[in-house]
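User: Hey, I'm new to this one. Can you walk me through it?
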Amino acid sequence: MSELVKTWTEWLVNSRFSYMNETQKQQTLLWLINVRDEILSRAKLQPGDTVIDIGSGTGLLAFGAHMLLNGKGKVIVSDAFTDCLDACQRIAEYCGITDCIEFLQADATDIKLPENSVDVVVMRSVLVHILKKADAIKEFYRILKPGGRISIFEPIIRKNTRYYQLINPGSFPNYAKIKDAEQKMVSDENDSLTNFDELTLENNFRDAGFKNIDVKVSIESSTYEVRAEMIDPWFNAPPSPGKPALKQMFMEFMPEAEVNEFMENLKIELGGKNITINSPVAYIYAVKD
Ligand SMILES: C[S@@+](CC[C@H](N)C(=O)[O-])C[C@H]1O[C@@H](n2cnc3c(N)ncnc32)[C@H](O)[C@@H]1O
């Protein structure tokens with residue numbers, strides 16, 4: 001059984017890297033910096049802007065925006081969870097940042113700000129954790145000033161490469177069950193991680209009233225050699241705090257003994273082989289009229 005990860009900071013600092021070697025961790029950090037820069041560049045920050053980073057986590061976007069504004073404007077660091085805000089406050093103190101920054105505890109669907117009060121909303125990988133995405137997107141529209149911009153990034157997990165696409169059906173006695181389980185996992189409307197794609201998000205933005213919606217999909221592709229010891233962490237690391245790990249999700253469809261057998265077969269099938277994983281992501285930019 002996997003351990004449940006209890007806080008977002010624990011997940012952001014440790015758990016998300018748990019199955020990676022040092023090189024993969026460095027590559028992921030560099031990738032995150034590129035994603036941050038792309039989101040902020042699409043947000044077209046101007047001197048004097050009030051920018052809110054929704055679901056700041058450990059401040060990837062918030063501190064990037066603060067650097068770009070360079071003392072001319074304000075960044076609101078906002079998250080639903082106090083451990084994230086505490087972490088960002090510690091980082092701000094450590095870096096000597098005292099001006100042009102505010103901290104706000106708020107759920108993305110109920111942001112404690114007046115309407116028409118911010119120039120820019122930025123956000124990375126937060127809607128993916130919210131079941132009712134349309135409610136959050138309406139809330140972003142409410143707090144933006146007319147002419148305000150939103151720039152976000154979300155992984156489209158529903159379209160990621162699946163295990164059944166990486167393995168030889170002949171080597172897995174339960175191949176049909178595995179495929180069926182994976183297909184059902186990504187079509188569960190009650191799972192915030194997979195109940196959307198770039199098209200449903202674009203519709204949510206349009207329905208909320210946004211204009212000039214620009215959706216850019218990019219397929220992040222990574223090729224690497226699998227080591228057998230990667231398989232257990234893949235199946236046991238939760239995708240986010242409080243969510244079941246993959247092993248538990250498979251156990252909704254197959255008895256534990258069969259999932260264990262699948263994992264052991266995967267070690268033999270994929271161990272020492274190069275695999276390519278495709279993970280589509282969406283950058284969305286829009287304007288409030
Ligand atoms: C994957 S992390 C991303 C953190 C940060 N944006 C980054 O790019 O590193 C998801 C963040 O969303 C926050 N979050 C999850 N549900 C939320 C909600 N309903 N309202 C606001 N923030 C939420 C979590 O606390 C966490 O900081």
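Analyst: Here's a chat about the ligand site and a pair of strands. This is a predicted model, where local features need pLDDT of at least 70 and side-chain atom pairs count only at pLDDT 80 or more, while totals for chains, interfaces and linings use all residues. Residues are numbered from 1 along each chain as its sequence is written, and side-chain values use heavy atoms, leaving out hydrogens and water.

User: Cool. How many residues surround the ligand?
Analyst: 19 of them, and the closest are Gly55, Gly57, Asp79, Ala108 and Arg124. A residue counts if one of its heavy atoms lies within 4 Å.

User: What kinds of residues are in that shell?
Analyst: 11 are nonpolar, 5 polar and 3 charged. Ala, Val, Leu, Ile, Met, Phe, Trp, Tyr, Cys and Pro count as nonpolar, Asp, Glu, Lys and Arg as charged, and the others, Gly among them, as polar.

User: Where does Arg124 touch the ligand?
Analyst: A polar side-chain atom of Arg124 sits 2.6 Å from a ligand oxygen. With Gly55, a polar backbone atom is 2.7 Å from a ligand nitrogen.

User: Switching topic: which strand does β2 pair with?
Analyst: β2 (residues 74–79) runs parallel to β3 (residues 101–105), joined by 5 bridges. Two strands pair if DSSP finds at least two bridges between them. Strands are DSSP runs (E, at least two residues) and helices are too (H or I, at least four), numbered from the N terminus.

User: And what's Asp79's bridge partner in β3?
Analyst: Gln105. Asp79 is also among the residues closest to the ligand.

Methods: A polar contact is a pair of N or O atoms within 3.5 Å; within protein, one must be able to donate a hydrogen and the other to accept it, and residues adjacent in sequence count only if both atoms are side-chain atoms.
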